[in-house]
Amino acid sequence: MTESPLTMSPVLRIGPIPVTAPVLVTWAIIAVVTVASILLSRRLSLAPGKTQTALELLVETIDQQIRDTMQTGPATYRALIGTLFIFVLIANWCALLPGITPPTAHLETDAALALIVLGATIFYGIRSRGAMGYLASFAEPSWVMIPLNVVEQITRTFSLVVRLFGNVMSGVFVVGILLSLAGLLVPIPLMALDLLTGAVQAYIFAVLSMVFIGAAISEPHRVGIKKGEVS
C-alpha cells in the first residue's frame with residue numbers, strides 16, 4: 001500500500017457517488033460470504049459430512065464464546081457476532097492477495113464496523129432493559145457518573161476503530177516495504193505472521209463487541225465483565 005490510508009481516489013462513480021477500492025473489496029467480501037452461506041446451508045443433514053461438521057464446530061465455538069463472555073443465551077447474538085468475526089477475518093486476510101489492500105486497513109471501514117457495534121449495543125440494551133432502564137444505566141453507580149459513562153461509550157467505540165486500523169495497517173505496510181526491498185521470498189514468514197495477526201484481531205474485535213453488548217444488557221449485579229476491564 002503506497003497511498004495514505006486517510007486519502008483514497010475513487011475507482012468509479014455511481015452517479016454522483018464515488019466508489020473507492022476498499023468499498024469494492026468490501027462488496028466482494030459481502031457477496032462471497034453471502035453466496036457461501038447459502039450454498040453451505042442448503043443441504044444440512046442429521047448425518048453431517050466434513051464440511052457441515054466444520055461449520056457446526058465454528059457455530060458452537062461462537063456460541064460458547066457468547067455464553068462465556070456475555071453470560072446469556074447465544075441465539076439472539078449469534079448472527080451479529082459471527083458475521084462480524086467472519087467479515088473482519090476475511091477482510092484482514094485480503095492483505096495476502098496481490099494488489100489488494102484489506103478494507104480494515106482504512107479508517108472508513110473500521111469506523112463503520114465500530115458504529116455497527118455501537119448501534120447494536122444501544123439496540124440490545126434498550127430491548128433488554130427498556131428505554132428508561134438503559135438510560136438509567138448511565139447513572140450507575142451514581143448520577144455524577146453520567147458524563148463519564150457517556151464519554152466511555154464514545155471512547156470505547158473509538159478504541160475499536162484505532163485498534164483494528166492500527167494493527168492491520170501496520171502489517172500491510174511492513175509486508176509491502178519488505179516486498180519492495182527484499183523481493184518475493186523474504187517476506188513469506190511475515191505474511192504467515194500476518195495471517196495469525198488477522199485472525200487474532202478478528203477474534204479481539206468480536207470479543208470486545210460481546211463485552212460492550214453484554215454490559216448494556218446486564219443488570220448491574222449480573223454483569224460478568226465490568227465496564228472498563230478491557231482496554
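Modeller: A salt bridge is a side-chain nitrogen of Lys or Arg within 4 Å of a carboxyl oxygen of Asp or Glu, and with that in hand we can go through this model, which is a predicted one.

Biologist: What makes the pair Arg78 and Asp63 a salt bridge?

Modeller: The closest N and O atoms of Arg78 and Asp63 are 2.7 Å apart, and since the limit is 4 Å, the pair meets the criterion and counts as a salt bridge. Arg78 lies in helix α3 and Asp63 in helix α2 (residues 50-70), so the contact ties together parts of the chain that are 15 residues apart in sequence.

Biologist: Why is Asp63 called buried, and why is Arg78 called partly exposed?

Modeller: Buried requires a relative accessible area under 20%, and Asp63 has 4%, so it counts as buried. Arg78 has a relative accessible area of 31%, which falls between the 20% and 50% limits, so Arg78 is partly exposed.

Biologist: How many salt bridges does a search of the whole structure find?

Modeller: The search finds two, and besides the pair of Arg78 and Asp63 there is a salt bridge between the side chains of Glu60 and Arg67, with an N to O distance of 3.4 Å. That distance is also within the 4 Å limit, so the name applies here too.

Biologist: What makes Glu60 and Arg67 partly exposed?

Modeller: Glu60 has a relative accessible area of 39% and Arg67 one of 32%; neither value is under 20% or over 50%, so both residues are placed in the class in between.

Biologist: Why is α2 called roughly perpendicular to α3?

Modeller: The two helices pack at an angle of about 115 degrees, with their axes 10 Å apart. The range for roughly perpendicular runs from 65 to 115 degrees, which is why α2 is described as roughly perpendicular to α3. The crossing of α2 past α3 is right-handed.

Biologist: Why, then, are α1 and α3 called oblique?

Modeller: The axes of α1 and helix α3 (residues 78-93) cross at roughly 125 degrees and come within 10 Å. Roughly perpendicular ends at 115 degrees and roughly antiparallel begins over 145, so the crossing angle of roughly 125 degrees fits neither class and α1 and α3 are oblique to each other. The crossing of α1 and α3 is right-handed.

Biologist: Where is Gln71, and what is notable about its phi?

Modeller: Gln71 sits in the loop between α2 and α3, and its phi is near 55 degrees, a positive value in a residue other than glycine. With a relative accessible area of 47%, Gln71 is under the 50% limit for exposed and therefore counts as partly exposed.

Biologist: How far apart are Val59 and Gly82 in sequence and in space?

Modeller: They are 23 residues apart in sequence, while their C-alpha atoms are 7.8 Å apart in space. Val59 is found in helix α2, and its 35% relative accessibility makes it partly exposed.

Biologist: Which residues form the nonpolar patch on the surface, and what qualifies Ile30 for it?

Modeller: The patch is formed by Val11, Leu12, Ile14, Ile17, Trp27 and Ile30, with about 570 Å² of accessible area together. A member needs over 30% relative accessible area, and Ile30, in helix α1, has 44%, so it passes that threshold while counting as partly exposed. Both β1 (10-14) and α1 (21-40) supply at least two residues each, and β1 gives the largest share, with three.

Biologist: What does the chain as a whole look like in these terms?

Modeller: The chain has seven helices and two strands, arranged along the sequence as β-β-α-α-α-α-α-α-α. Of its 231 residues, 34% count as buried.

Methods: Residues numbered from 1 in each chain as written. Predicted model: local features only at pLDDT ≥ 70, side-chain atom pairs only at ≥ 80, totals over all residues. Heavy atoms only, no water. Patch = residues over 30% accessible without salt bridge, like charges linked within 9 Å, V, L, I, M, F, W, Y side chains within 5 Å. Areas by Shrake-Rupley, 256 points an atom, 1.4 Å probe, with all protein chains shown as cover. Helix = DSSP H or I, 4+ residues; strand = E, 2+ residues; numbered from the N terminus. Buried < 20%, exposed > 50% of the residue type's maximum accessible area, 1.4 Å probe, protein only. Axes fitted to C-alpha atoms, helices over the stretch in contact; angles between N-to-C directions. Parallel < 35°, antiparallel > 145°, perpendicular 65-115°, else oblique. Left-handed = near helix turned anticlockwise from the far one by under 90°.
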